[in-house]
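Biologist: I would like to learn how the words used for a protein model are earned. Could you show me the model and let me ask about them?

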Amino acid sequence: MEIWNVEWKGTSVGRWLGLVTAVWVQCISGNNYTFSNYSGVLKTLMDITQLQLNNLSVAKDIGKAFGIVAGLASDRLPTPIILLIGSLEGLVGYGAQWLVVRQSIRPLPYWQMCIFLCMGGNSTTWMNTAVLVTCIRNFRQNRGPVSGILKGYVGLSTAIFTDICSALFSSDPASFIFLLAVVPAAVCTMAMLFLRESPPEDVAAEDDGDGSQYFAVINAMAVVIAVYLLIFDLTGKHGALVSRAFAVVLLLLLAAPVAVPIHIALKAICRSGGCREADVEDGGVSEPLLAAEAENTEAEGANSGETSGDSAAAEEVVVKEKVERGRRQRPEIGEDHTIVEAVKTVDFWVLFFSFLCGVGTGMAVMNNMGQMGTAMGYTDVSIFVSMLSIWGFFGRIASGSISEYFIKKHATPRPVWNAASQILMAAGYVVMAIGMPGALFIGSVIVGFCYGVRLAVTVPTASELFGLKYYGLVYNILILNLPLGSFLFSGLLAGILYDAEATNTEGGGNTCVGAHCYRMVFVVMALVCLVGFGLDVLLAYRTKQLYGKIHMNKRARNTKVAAPDNH
């Protein structure tokens, strides 16, 4: 118990157990992407048009706009309280939808359904904010891998919910929504015990060797889960016994990452008690990434040059004076920004609108996948929903680690990867617009992958540009793009163009069958992605110098960590 208490702080058991707990929360916090699994039932029960149904999905996404409240709370409330708020709100929001779909109550008025969908959507912002802000602050030197892991598991959550429901409840919509209501509440209750932010003075810089190995292990486990889900989806229908066995093995795989903190705890027990003090790093970790590492680099240079001590001291004074002048006026990119300071920069709005082009069009596909599948002649669209989720995971998990690697090795700006994803996403929309056989399957894979890249890369990019001090609020301002994009591309673009092609039904609704139903929607979204590509290229150019500095500071830090091994 003594070792556990000691290792809870700093670099070992506490932060890694918190990361694993965060992974479990992310596995159930992607329920906002599952609307296509039960939207058809809502449309039938409420007897509404496609435009009205799309506006219900917009109401769900508008809930994310209120994530600003979660962002403000993240700097004032402890992580367990934020998780509690999110879990209770989701329980109420999805619980009401479950009662309607189960037909325990009559369909609620349209405006009331909008409110409950909004509550369900907002619940995930509290969960995501608690997880991302806490883990990014606890692993300041590995923001890319942490973001990729957490966002990757969010991507898998849709497939996890969909496949478990399919395996245990034969894809019954009522049972599916029941899982959306109850499971997140249970997992968040457990997470309140373990997920916490380490005090800045207790957070030492991570050991790059062991840290990289642990991240690789968690990534590998995630890939195994994704492949396992993919195999289950592609092998068709299964019997009851096989389906139950699949669900049990899936739960065991989801629990597997806990082996990492257990391994760290066992290593701590085997080591002598005095070893823990050897890992303390120089520098204040409460500073932004760039500023903290720059101070370490300056200190290292001053210590190594004995013959030029006076000049080094003079240069240090000049640097400090410049930093003070900058802080008295306006922070530089890479330093901590308040939200007011951030929105006054060009870089914030370039990032904001490029993010809109990617996630906004992606949300339109996710919200309308049920109707897109029906229009293409498919009776069961669950496989396409799962493909979006699974390939979204691969995009998130790969882009987080790859972008971090290229920053360390070649100083490649992260927005470069966003630009690449925009081009690939535009190609996916073109494929779906053509409407050839298998187009929806290919398109769902491409769009899911690129959507995942967009989310995983933007999260650490925002922290690197605007700092960590007010990161929770900056992140939730950027997430406004989800409801905004849903309204523009799903509620307006897809809803209006679909209704223009659809024929009316007797009950007052409408329907459309054929590739032409969404063709113009895909063409417009492909053009929007090209605009996003241009914005990402611009941001990569504008931040090239910043990432050059981050690259040099990471190299200096790695050299400093490796220096003792040479003696």
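**How the labels are earned**

Modeller: Let's start in the loop between α17 and α18, where A411 is located. Keep in mind that this is a predicted model.

Biologist: What makes A411 count as buried?

Modeller: Buried means under 20% relative accessible area. A411 has 16% relative accessibility, so A411 counts as buried.

Biologist: And what is special about the phi of A411?

Modeller: Phi of A411 is positive, about 60 degrees, although A411 is not a glycine. Most residues other than glycine have a negative phi. Q103 is also a residue other than glycine with a positive phi, near 65 degrees. You can find Q103 in the loop between α6 and α7.

Biologist: Why is Q103 called exposed?

Modeller: Exposed means over 50% relative accessible area. Q103 has 57%, so the label exposed fits.

Biologist: Then why is A186 called partly exposed?

Modeller: Partly exposed is the range between the buried and exposed cut-offs, 20% and 50%. A186 has a relative accessible area of 49%, so A186 belongs in that range. You will find A186 in helix α9, residues 173–191.

Biologist: Let's turn to rings. How many aromatic pairs does a search of the whole structure find?

Modeller: The search finds 22 aromatic pairs.

Biologist: Why is the pair of F232 and F246 called stacked?

Modeller: Two rings pair if their centres lie within 6.5 Å, and planes under 30 degrees apart count as stacked. The centres of F232 and F246 are 3.8 Å apart and their planes are at 10 degrees, so this pair is stacked. The pair links helix α10, which holds F232, with helix α11, which holds F246. Both F232 and F246 are buried.

Biologist: What makes the pair of F406 and W417 tilted?

Modeller: Tilted pairs are those that are neither under 30 degrees nor over 60. F406 and W417 have 55 degrees between their planes, with 5.2 Å centre to centre, and the pair is tilted. F406 lies in helix α17 and W417 in helix α18, so the pair ties together parts that are 11 residues apart in sequence.

Biologist: How do you know that F406 and W417 are partly exposed?

Modeller: The label needs a value between 20% and 50%. F406 has a relative accessible area of 27%, so F406 is partly exposed. W417 has 24%, so W417 is partly exposed too.

Biologist: How do you know that the span of α18 agrees with its number of residues?

Modeller: At 1.5 Å a residue, the 20 residues of α18 should span 28 Å, and the end C-alpha atoms are 29 Å apart, which agrees. After α18 comes G435, whose phi is positive, near 75 degrees.

Biologist: Which residues of α18 are buried?

Modeller: Among them are P415, N418, M425, Y429 and V431. Y429 deserves another look: in the largest nonpolar core, with 146 residues, Y153 and Y429 touch the most other members. Helix α16 gives this core its largest share, 15 residues.

Biologist: What does Y429 touch, leaving out residues up to four places away in sequence?

Modeller: The residues touched by Y429 include T361, V365, F522 and M525.

Biologist: What makes R15 a charge over a ring?

Modeller: One requirement is that the charge is within 6 Å of the ring centre. The charged end of R15 sits over the ring of F139, 4.7 Å from its centre.

Note on methods: Residues numbered from 1 in each chain as written. Predicted model: local features only at pLDDT ≥ 70, side-chain atom pairs only at ≥ 80, totals over all residues. Heavy atoms only, no water. Helix = DSSP H or I, 4+ residues; strand = E, 2+ residues; numbered from the N terminus. Buried < 20%, exposed > 50% of the residue type's maximum accessible area, 1.4 Å probe, protein only. Phe/Tyr/Trp six-rings, centres within 6.5 Å; stacked < 30°, edge-to-face > 60°. Lys NZ or Arg CZ within 6 Å of the ring centre and 35° of its normal. Expected span 1.5 Å × (residues − 1). Core = buried A, V, L, I, M, F, W, Y, C linked by side-chain atoms within 4.5 Å. Contact = heavy atoms within 4.5 Å.
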